[in-house]
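Trainee: Please take one part of this model and go through it closely with me. I'd like to follow what sits against what, starting from a single residue and working outwards.

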Amino acid sequence: MTNKTGLEFKVGDAVVYPAHGVGKVAAVEVQEVAGMSLEVYVVTFDHEKMTLRVPTKKAKTAGLRSLAADDVVTKALTTLKGRARIKRTMWSRRAQEYEAKINSGDLISIAEVVRDLHRADSQPEQSYSERQLYESALDRMAREVAAANRIDKDAAVQLLSKSLSAKKAVIAAAEAAEEAAEEAEAA
């Protein structure tokens with residue numbers, strides 16, 4: 001979806017860069033790099049106090065994208081309600097996979113990390129590295145949900161928490177159904 005200037009994004013657009021999350025296109029500049037003229041998007045990330053320059057021709061391959069559509073946000077929130085799928089591999093391997101999902105910039109992949117690392121109050125406490133990954137994923141997801149729904153980050157965190165707590169009801173219903181099936185088999 002390029003506009004008449006041939007650029008994908010215009011100044012003021014909210015965008016997502018995989019490794020840094022939600023930012024805003026502050027300007028489109030022409031810079032001279034190694035003797036060549038290069039057109040770049042200047043993307044600012046207020047929460048990280050950082051400015052990134054992405055060549056306009058390489059924006060897609062670098063992973064720069066617009067905010068998630070409403071259907072993707074809905075699917076991500078539904079993902080949070082699902083059952084955690086934790087592989088039985090070493091933590092270091094899972095941590096690398098979670099980090100890769102977070103840095104992919106894909107909202108649904110980030111939702112999977114939040115879902116898998118979320119701990120209810122009744123569950124044992126997380127390790128430091130688990131908590132760091134969980135908070136990183138939750139923060140990244142909350143920022144994109146907030147920007148997509150035009151709400152503040154705190155309201156987005158509450159929305160995500162509500163989806164995660166709905167997960168308890170879904171799991172409880174699934175476990176009750178499993179028990180009923182086992183009792184029916186035994187009878």
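**Around helix α5**

Mentor: Let's start with S163: apart from its neighbours within four places in sequence, this serine is in contact with L77, L80 and K81. Keep in mind throughout that we're looking at a predicted model. S163 belongs to helix α6, which runs over residues 153-186. Its relative accessibility is 7%, so it counts as buried, the cut-off being under 20%.

Now follow one of those partners. L80 lies in helix α2, residues 70-81, and it also takes part in that helix's contact with α5. That's our way into the part I want to show you, helix α5, which covers residues 128-149.

First, the α2 side. The axes of α2 and α5 are 10 Å apart, and the two helices pack at an angle of about 140 degrees. That angle makes α2 oblique to α5, and their crossing is left-handed. From α2 come D70, V73, A76 and L80, while α5 brings M141, V145, A148 and N149. Sort those residues by class and you get six nonpolar, one polar and one charged.

Next, look at helix α4, residues 107-117. Here too the packing angle with α5 is about 140 degrees, with the axes 9 Å apart. Again, this makes α4 oblique to α5, and the crossing is left-handed. On the α4 side you'll find L107, I110, A111, V113, V114 and L117. Across from them, α5 supplies E130, L133, Y134, A137, L138, R140, M141 and E144. This contact has eleven nonpolar and three charged residues, and no polar ones.

Look at how the numbers in that α4 list are spaced, and then recall a general point. An α-helix has 3.6 residues a turn, so residues three or four places apart point the same way.

Don't take it that the rest of α4 is out in the open, though. Ten of its eleven residues are buried, so the helix is mostly covered. The buried set includes contact residues such as L107 and I110, and among its other members are S109, R115 and D116.

The third helix to look at is α3, residues 91-104. Its axis comes within 10 Å of that of α5, and the two cross at roughly 15 degrees. This makes α3 roughly parallel to α5, since angles under 35 degrees count that way. The crossing is left-handed here as well. α3 contributes W91, A95, Y98, E99, I102 and N103, and these meet S129, E130, L133, S136, A137 and R140 of α5. In this contact there are six nonpolar, three polar and three charged residues.

You may have spotted some α5 residues coming up twice. A137 is listed in the α4 contact and again in the α3 contact, so let's zoom in on that one. A137 sits in helix α5 and is buried, with a relative accessible area of 0%. Leaving out its neighbours within four places in sequence, A137 is in contact with I102, I110, V113 and V114. I102 comes from α3, whereas I110, V113 and V114 come from α4. To put a distance on it, A137 and L107 are 30 residues apart in sequence, and their C-alpha atoms are 9.6 Å apart in space.

M141 has a double role too: it turns up in the α4 contact and in the α2 contact.

Now go past the end of α5 and you reach R150, in the loop between α5 and α6. R150 has a positive phi of about 55 degrees although it isn't a glycine. With a relative accessible area of 75%, this arginine is exposed. From that loop you're back at α6, the helix that holds S163.

R150 has a counterpart elsewhere in the chain. A34, in the loop between β2 (21-33) and β3 (36-45), also has a positive phi of about 55 degrees without being a glycine. It's exposed as well, at 78% relative accessible area.

Finally, step back to the whole chain. It has six helices and five strands, running β-β-β-β-α-β-α-α-α-α-α from the N terminus. Of its 187 residues, 34% count as buried. Among contacts with a separation of 6 or more, 53% join residues 24 or more positions apart. The chain exposes about 11400 Å², with carbon and sulfur atoms supplying 53% of that area.

Technical notes:
Residues are numbered from 1 along each chain as its sequence is written. This is a predicted model: local features need pLDDT of at least 70, side-chain atom pairs count only at pLDDT 80 or more; totals for chains, interfaces and linings use all residues. Side-chain values use heavy atoms; hydrogens and water are left out. Axes are lines fitted to C-alpha atoms, for helices over the stretch in contact, and angles run from 0 to 180 degrees between N-to-C directions. Helices (H or I, at least four residues) and strands (E, at least two) are DSSP runs, numbered from the N terminus. Angles under 35 degrees count as roughly parallel, over 145 as roughly antiparallel, 65 to 115 as roughly perpendicular and the rest as oblique. A crossing is left-handed if the near helix is turned anticlockwise from the far one by less than a right angle, and right-handed if clockwise. Contact means heavy atoms within 4.5 Å. Ala, Val, Leu, Ile, Met, Phe, Trp, Tyr, Cys and Pro count as nonpolar, Asp, Glu, Lys and Arg as charged, and the others, Gly among them, as polar. Buried means under 20% relative accessible area, exposed over 50%, partly exposed in between (1.4 Å probe, protein chains only). Accessible areas come from the Shrake-Rupley method with a 1.4 Å probe; for residues, only the protein chains shown count as cover.
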